[in-house]
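Hi,

Here is the structure I said I would pass on. Have a look at it first, and then read on for what turned up.

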Amino acid sequence: MRNKKVAKGAPSIRHYFVDEGGDGILFSRKGEIRVGTEGCSRFFILGLLDVSDPSVLKERFDELRARLMRDPYFRGVPSMQPDERKTAVAFHAKDDLPEVRRDVFRILRDTEGLRFFAVVADKLSVLEYVRQRNKREPDYGYHPNELYDYLAECLLKERLGQHSSYNIIFSKHGKSDRLDVLQNLVETASERPSQQQNISTDSVPYVSAATPTEHAGLQAVDYFVWALQRLYERDEERYLAYLWKAFRLIHDIDDTRETINGIYYTQRNPLTAETLRWRK
């Protein structure tokens with residue numbers, strides 16, 4: 001690779017935590033369309049949280065969890081029991097009580113050095129893609145990993161190459177961590193030629209897969225993805241609005257009303273319930 005100068009003032013290492021929201025499922029085992037039905041999401045989201053100092057986040061989460069576990073108000077609550085492997089060992093927006101969730105959101109809002117990025121796919125558009133491809137290639141069979149991998153490449157291609165080193169941790173789901181696949185995805189994304197000046201093409205990405213109990217950053221990115229998912233799936237804006245200052249870029253790849261590349265929501269182009277109203 002060509003050697004280029006790393007951007008002045010940039011940190012030497014970035015810590016990225018990646019998690020998903022929703023699912024990539026399109027069909028039942030019988031081939032029936034499941035998108036948007038009970039237990040199957042309409043959207044699939046892949047989010048990345050850039051954490052400047054993971055140790056600070058871990059310390060604040062550990063302090064909060066210890067305080068909650070001492071609080072008699074939560075005595076007997078199933079999710080607070082260590083054997084349940086939920087809030088007692090790791091924060092998870094879907095499983096945490098509303099009272100707990102509010103405390104976690106407050107920490108995320110007050111912690112400096114958090115930057116969130118995400119890619120959102122509308123599974124109705126994915127379904128149409130699969131139908132069209134099946135017409136051309138009758139033997140083609142869709143798998144949810146295909147959607148995950150595509151979104152991962154979209155998410156990472158603009159997030160690499162600006163610093164000397166990257167620690168990229170994917171949230172592990174199920175028994176397989178697909179580490180070899182994820183490693184290849186990161187390498188492919190990092191090798192894309194940069195269109196910017198003074199950007200290093202020799203940055204080193206370290207890729208791993210872990211559970212939220214191992215990293216506070218994975219617990220944090222789960223909350224950001226959950227907030228975004230609640231807006232897309234349930235039209236609930238308040239969670240995203242509360243954390244909005246940490247949102248840097250949301251790429252809605254299937255909103256092609258203006259450009260084929262989709263729409264990008266930023267601090268200057270905010271994402272709100274109103275901007276998604278057209279999908280209803």
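A term you'll need first: a nonpolar core here is a set of buried Ala, Val, Leu, Ile, Met, Phe, Trp, Tyr and Cys residues joined through side-chain atoms within 4.5 Å. Keep in mind too that this is a predicted model.

**The cores**

The largest nonpolar core has 49 residues. Those with the most contacts inside it are Phe-61, Leu-108, Phe-116, Phe-224, Leu-228, Ile-250 and Leu-271. Several elements feed this core with at least two residues each, namely β2, α1, α2, β3 (114–122), α6 (216–234), α7 (238–243), β6 (247–252) and β7 (263–265). Which of them gives the largest share? That is α6, with 12 residues. As general background, nonpolar side chains in soluble globular proteins tend to be buried together.

If you want one residue to click on, try Phe-224. Setting aside neighbours within four places in sequence, Phe-224 is in contact with Leu-49, Leu-108, Leu-114, Phe-116, Leu-243, Ala-246 and Phe-247. Apart from the largest core there is another one of 31 residues, and its members include Ala-121, Leu-156, Leu-182 and Ile-253.

**Two helices that cross**

Next, have a look at α2 and α6. They pack at an angle of about 105°, and their axes are 11 Å apart. Angles of 65 to 115 degrees count as roughly perpendicular, so α2 is roughly perpendicular to α6. On the α2 side the contact is made by Arg-101, Val-104, Phe-105 and Leu-108, and on the α6 side by Ala-220, Tyr-223, Phe-224, Trp-226 and Ala-227. Sorted by class, that contact has eight nonpolar residues, one charged residue and no polar ones.

**Salt bridges**

How many salt bridges does the structure hold? There are 19. Three pairs and a network should give you a feel for them.

- Arg-14 and Asp-50 meet through their side chains at 2.9 Å, N to O. Arg-14 sits in strand β1 (residues 13–22) and Asp-50 in strand β2 (residues 43–51), so this pair links distant parts of the chain, 36 residues apart. Both Arg-14 and Asp-50 are buried.
- Glu-128 pairs with Arg-131, with the closest N and O atoms 3.9 Å apart. Both lie in helix α3 (residues 123–136), three residues apart, or about one turn of the helix. Glu-128 counts as partly exposed because its relative accessibility is 36%, and Arg-131 is partly exposed as well, at 40%.
- Arg-178 forms a salt bridge with Asp-149, the closest N and O atoms being 2.8 Å apart. Arg-178 lies in the loop between β4 (165–171) and α5 (179–190) while Asp-149 is in helix α4 (residues 144–156), so the pair ties together parts that are 29 residues apart in sequence. Arg-178 and Asp-149 are both buried.
- Arg-42, Asp-122, Asp-252 and Arg-279 are joined into one network by salt bridges that share partners.

**A serine in a loop**

Last one: Ser-79, in the loop between α1 (54–70) and α2 (98–110). Is Ser-79 buried or exposed? Buried means under 20% relative accessible area, and Ser-79 has 9%, so it counts as buried. Not counting residues up to four places away in sequence, Ser-79 touches Lys-86, Thr-87, Ala-88, Asp-95 and Leu-97.

Cheers

Technical notes. Residues are numbered from 1 along each chain as its sequence is written. This is a predicted model: local features need pLDDT of at least 70, side-chain atom pairs count only at pLDDT 80 or more; totals for chains, interfaces and linings use all residues. Side-chain values use heavy atoms; hydrogens and water are left out. A salt bridge is a side-chain nitrogen of Lys or Arg within 4 Å of a carboxyl oxygen of Asp or Glu. Helices (H or I, at least four residues) and strands (E, at least two) are DSSP runs, numbered from the N terminus. Buried means under 20% relative accessible area, exposed over 50%, partly exposed in between (1.4 Å probe, protein chains only). Contact means heavy atoms within 4.5 Å. Axes are lines fitted to C-alpha atoms, for helices over the stretch in contact, and angles run from 0 to 180 degrees between N-to-C directions. Angles under 35 degrees count as roughly parallel, over 145 as roughly antiparallel, 65 to 115 as roughly perpendicular and the rest as oblique. Ala, Val, Leu, Ile, Met, Phe, Trp, Tyr, Cys and Pro count as nonpolar, Asp, Glu, Lys and Arg as charged, and the others, Gly among them, as polar.
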